[in-house]
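Dear colleague,

Please find below the structure that I am handing over to you. A summary of what was found in it follows.

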Amino acid sequence: MLFGRSKKNPIKIADKGVVDWKYTTCGYCSTGCSIEVGLNNAGKAVAARGVADADVNRGKLCIKGIFEHELFTSANRGTKPLMREKAIDAYRETGWDEALDHTAAEFKRIQQKYGRDSLAIVSTGQILTEEFYTLGKLTRGVIGTNNYDGNTTLCMASAVSGYKRSFGSDGPPGCYDDFSHTECLLAFGSNLPEQHPIIYWRLKMALEERKFPVIVVDPRVTMFAQMADIHLPITPGTDLVLLSSLAHVILKEGLQDQAYIAAHTTGFDEFAKLVALYDPTTAAGICGIDEDTIRHVARVYARANAAMSIWTMGINQSTHGSDGVVAINSLNLITGNIGKPGGTSLSITGQCNAMGTREWSSCSGLPGYRALEKEKDRETIAKYWGVDPEFFPKQRGLFMTDIFPAMETGQIRALWLVATNPMTSMPNIPRIKKTLQNLEFLVVQDAYADVETTKYAHVFLPAALWGEKEGVFTNTERRVNLVRKVMEPHGDSKPDLWIFNELAKRFEQGRKMRFPETPAEVFDEIAIDLRIDVPYDSL
Ligand code: SF4
């Protein structure tokens, strides 16, 4: 009786009483969707919608973005700085001055007693680019510990390293618009429909306009695998064998772009010798994909006028993740698929500003893809910031995964966690708990007062959420998106930029250097950094 019913309830669309829509960028994932948050008469965030003419999402949002306005009032937001002498004491509320004075004093005490690198700083992929830059300046130019890393090491380090090994720089060359030009998509270890729904929607839009083969490599029968034209259910951990075998077939059948190889690559002969070992018959026995399928995929990919590869954690989170990224890049180099529309190697990032930290945080080096290992880079940034170049270490310090074991041995005595929670992201939680208990001083800077690490902290600094401050995020395709402030920070929480700047003032070296107060001024400093020959005092 579905169509014969004469009495039906009318469809009602809830009126949430929105009187003002505020533009910002979604703060969940790296897709970079433009979002508008609806405020009611009382200034409360009550709705969210996609921005219709946004280049990335064109009016769409995924389920996370649709409910993102609810974050502003979620339970247990931090409202006041908290302090205690010992981690077994109860916290007491305090003001910002006392919390920051104490934090700076403890950092100095521990560094004087045990050495500069006895303090570790672990940050995130969640804060704004201007904040990353300022934290890097504070850490590298003022505090001076070399044990500074971000949780992005847990996900994107393989992509960073692979891009650097293949191209000499960590700048992903692809963009979403490549879907509209490619003739073949090869996806590794990525479940796009569920993990990056808006990027998947961009792919679907491109496929509706023009059909091209989609090949998914994944041991799991994911949603993406189910919609693919070809699914390669590879044996876990054998992606390098498959990639080498694809290259083997391409070279054996003469499908490579020899002119491109001659013009744009080095080391081709060594590469050809290596992949010669991976004939499809041998590879099939290792990676579990039959040899005919390997040959077929290699031919489809190499014969496409433009072919692209995307990947996420299936490649990155591996003992040989960096090698996997290099092998994907090499596949694209031998087929001439770097530097043309629809031909690319695109790592899909995770956190909303994972790319921003890779570009500007100084976590593994110095800002703007500069390296601590290069004297010229050290000198350039030292001059720009007004510090002695000898103050910089000459190679990067511990990775995040090595910082926690170093807390067990006493090499690290103090830790500052910025918008990251190792008690959910690191393996072996009981071990992480013990390492935190070993510390003389732990500071947790987070938007949430009930994050698990506060149980072991001595100071808690309440931070503002993404939509309570201004700045930019860099998304997966390296598009710089504007984040507008939707509302004032919750309680007495503060933007991370403010916290970094206030801490800088508590160090002698920090008082000598320039720490701009507004995100716009920091952005200008970054922009001039891009033209580093401009003298610093011309700012
Ligand atoms: S796809 Fe990512 S950026 Fe877009 S709405 Fe969803 S969580 Fe936000």
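The model is predicted, and its protein chain has a mean pLDDT (the predictor's confidence in each residue, from 0 to 100) of 94, with 97% of residues at 70 or more. Over residues 534-539 the pLDDT stays under 50.

The surroundings of the ligand come next. Residues near the ligand (a heavy atom within 4 Å) include Cys 26, Cys 29, Cys 33, Cys 62, Lys 64 and Ile 198. By class, this shell holds 7 nonpolar residues (Ala, Val, Leu, Ile, Met, Phe, Trp, Tyr, Cys and Pro), 3 polar ones (the others, Gly among them) and 1 charged one (Asp, Glu, Lys and Arg).

The largest nonpolar core (buried Ala, Val, Leu, Ile, Met, Phe, Trp, Tyr and Cys residues joined through side-chain atoms within 4.5 Å; buried means under 20% relative accessible area with a 1.4 Å probe, protein chains only) has 45 residues, and Phe 107, Leu 138 and Trp 416 touch the most other members. A second, separate core of 43 residues includes Ile 230 and Val 275.

Residues are numbered from 1 along each chain as its sequence is written. Local features need pLDDT of at least 70 and side-chain atom pairs 80 or more, while totals for chains, interfaces and linings use all residues, and side-chain values use heavy atoms, without hydrogens and water.

Yours sincerely

Note on methods
Buried < 20%, exposed > 50% of the residue type's maximum accessible area, 1.4 Å probe, protein only. Contact = heavy atoms within 4.5 Å.
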